[in-house]
Amino acid sequence: MSPLLSAERRSLDASMERAGFYPTLLADVVHDALDGREPLSHIIHLETHFERTEVHRHITVLVLTEDMLVITHVDDQQLDDAGEQMMAQVSTESVPVTQIRSVVLGYMYAQPQDYKPSDQARELTLAIAWSGGQRLDMGPAGCADPQCDADHGYTGTIAQEDIVLRVSAEADGAQAVQNAKDFARALRKVNTDTLNVRPSESGDARRVPGIGSRFNRSHHQR
């Protein structure tokens, strides 16, 4: 085990502990999903939602290894009004990095007219696609006439994405934005490094699909 990889493992454990979301359970689940692989990079994103008198939390942990992207989701649910009975729902997914087809980074900057190279993005959205599945967002279509009440049908956008994380400097801190950017760079590098030439059954060479592969993708804006 190299010192660099063991240091990243300690960093992952420390990040899960700092998140404070059932850290012992989370660490056991994540390390079990890693199946002995050493982490190269990671990102942890914690969300909190309020619903009447209930508080719901959701944590997403992305861990990159040399050959896999391991995704862990944990939600908690309050089973009684007093909050004494809780339930945690856990899911994990392991995706070979050779299957990752797209890594999209979206940035938001304040006062772009005053931008300097040292300025930090206020928000970052990381979208990763690997399954080829698409999400369709639909809504009623309209027109420019505010008095018009005609039925204009529906309009929508199609997005190819399997996971999307939105990190805000205001909500999560500037370092969280930088961590998300570093993770995306590490993911792109590992995926690119796995693009190699393999002999096919006919003796010809073919490339393993990765971020560099060409495919049709619908563009959308949020």
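## Loops, sheet and buried sites

Gln111 is found in the loop between β5 and β6. Its phi is positive, about 50 degrees, although Gln111 is not a glycine. The model is predicted. Most residues other than glycine have a negative phi. Tyr22 also has a positive phi, about 40 degrees, and is not a glycine either. Tyr22 sits in the loop between α1 (3-19) and α2 (23-34).

Are these two loop residues buried, partly exposed or exposed? Gln111 is partly exposed, because its relative accessibility is 49% and the exposed class begins over 50%. Tyr22 has a relative accessible area of 29%, so Tyr22 is partly exposed too.

**Overall composition**

The protein has four helices and eleven strands. It holds 222 residues, and 32% of them count as buried. The accessible surface comes to about 13900 Å². Carbon and sulfur atoms contribute 48% of that surface. Among contacts with a separation of 6 or more, 58% link residues 24 or more positions apart.

**The β5-β6-β9 sheet and helix α4**

The loop with Gln111 connects β5 and β6, and both strands belong to an open sheet of three strands. The order is β5-β6-β9, with antiparallel pairing. β5 (102-108) and β9 (163-168) are the edge strands, each pairing on one side only. From one strand to the next, the twist averages 10 degrees.

Strands of a sheet pair through backbone hydrogen bonds, either parallel or antiparallel. Here, seven bridges join β5 to β6 (residues 123-129). In one of the pairs, Ser102 has Ala129 of β6 as its bridge partner.

What lies across the three strands? It is helix α4 (residues 174-193), which runs at about 30 degrees to β6. α4 has 20 residues and spans 29 Å from first to last C-alpha. That is close to the 28 Å expected at 1.5 Å a residue. The buried residues of α4 are Val177, Ala180, Lys181, Phe183, Ala184, Leu187, Val190 and Asn191.

Leu124 lies in β6. It counts as buried because its relative accessibility is 0%. Beyond four places in sequence, Leu124 touches Leu105, Gly106, Tyr107, Leu165, Arg166, Val167, Val177, Ala180 and Lys181. Val177, Ala180 and Lys181 are among the buried residues of α4. Leu105 falls within β5, and Leu165 within β9. Leu124 and Leu165 are 41 residues apart along the chain, yet their C-alpha atoms are separated by 8.2 Å.

**Thr65 and strand β3**

Thr65 lies in the loop between β2 (54-64) and β3 (68-78). Is this loop residue buried or exposed? Thr65 is buried: its relative accessibility is 1%, and the class requires under 20%. Leaving aside residues within four places in sequence, Thr65 contacts Leu34, Arg37, Glu38, Pro39, Leu40, Val97 and Val190. Of these, Val190 is a buried residue of α4. The side chain of Thr65 also makes a polar contact with the side chain of Asp67.

The strand after this loop, β3, is mostly covered. Eight of its eleven residues are buried. β3 pairs with β4 (residues 86-96) through eleven bridges, and the two strands run antiparallel. Gln78 stands opposite Met86 in β4.

**His42 and its polar partners**

His42 is found in strand β1 (residues 41-51). Its relative accessible area is 12%, so His42 is buried. Which side chains make polar contacts with that of His42? One is Glu8, and another is Ser15. Glu8 and Ser15 both fall within α1. Further along the chain than four places, the contacts of His42 are Glu8, Ser11, Leu12, Ser15, Leu62, Val63 and Phe183. Leu62 and Val63 belong to β2. Phe183 is one of the buried residues of α4.

The side-chain polar contacts named in this report have these distances.

| Side chain | Partner side chain | Distance |
|---|---|---|
| His42 | Glu8 | 2.6 Å |
| His42 | Ser15 | 2.9 Å |
| Thr65 | Asp67 | 3.1 Å |

**α4 as a shared neighbour**

Three of the sites above lead back to α4. Leu124 touches Val177, Ala180 and Lys181. Thr65 is in contact with Val190. His42 is in contact with Phe183.

Definitions and conventions:
Residues numbered from 1 in each chain as written. Predicted model: local features only at pLDDT ≥ 70, side-chain atom pairs only at ≥ 80, totals over all residues. Heavy atoms only, no water. Pairing = 2+ DSSP bridges. Axes fitted to C-alpha atoms, helices over the stretch in contact; angles between N-to-C directions. Contact = heavy atoms within 4.5 Å. Buried < 20%, exposed > 50% of the residue type's maximum accessible area, 1.4 Å probe, protein only. Polar contact = N/O pair within 3.5 Å; in protein donor to acceptor, adjacent residues only side chain to side chain. Areas by Shrake-Rupley, 256 points an atom, 1.4 Å probe, with all protein chains shown as cover. Expected span 1.5 Å × (residues − 1).
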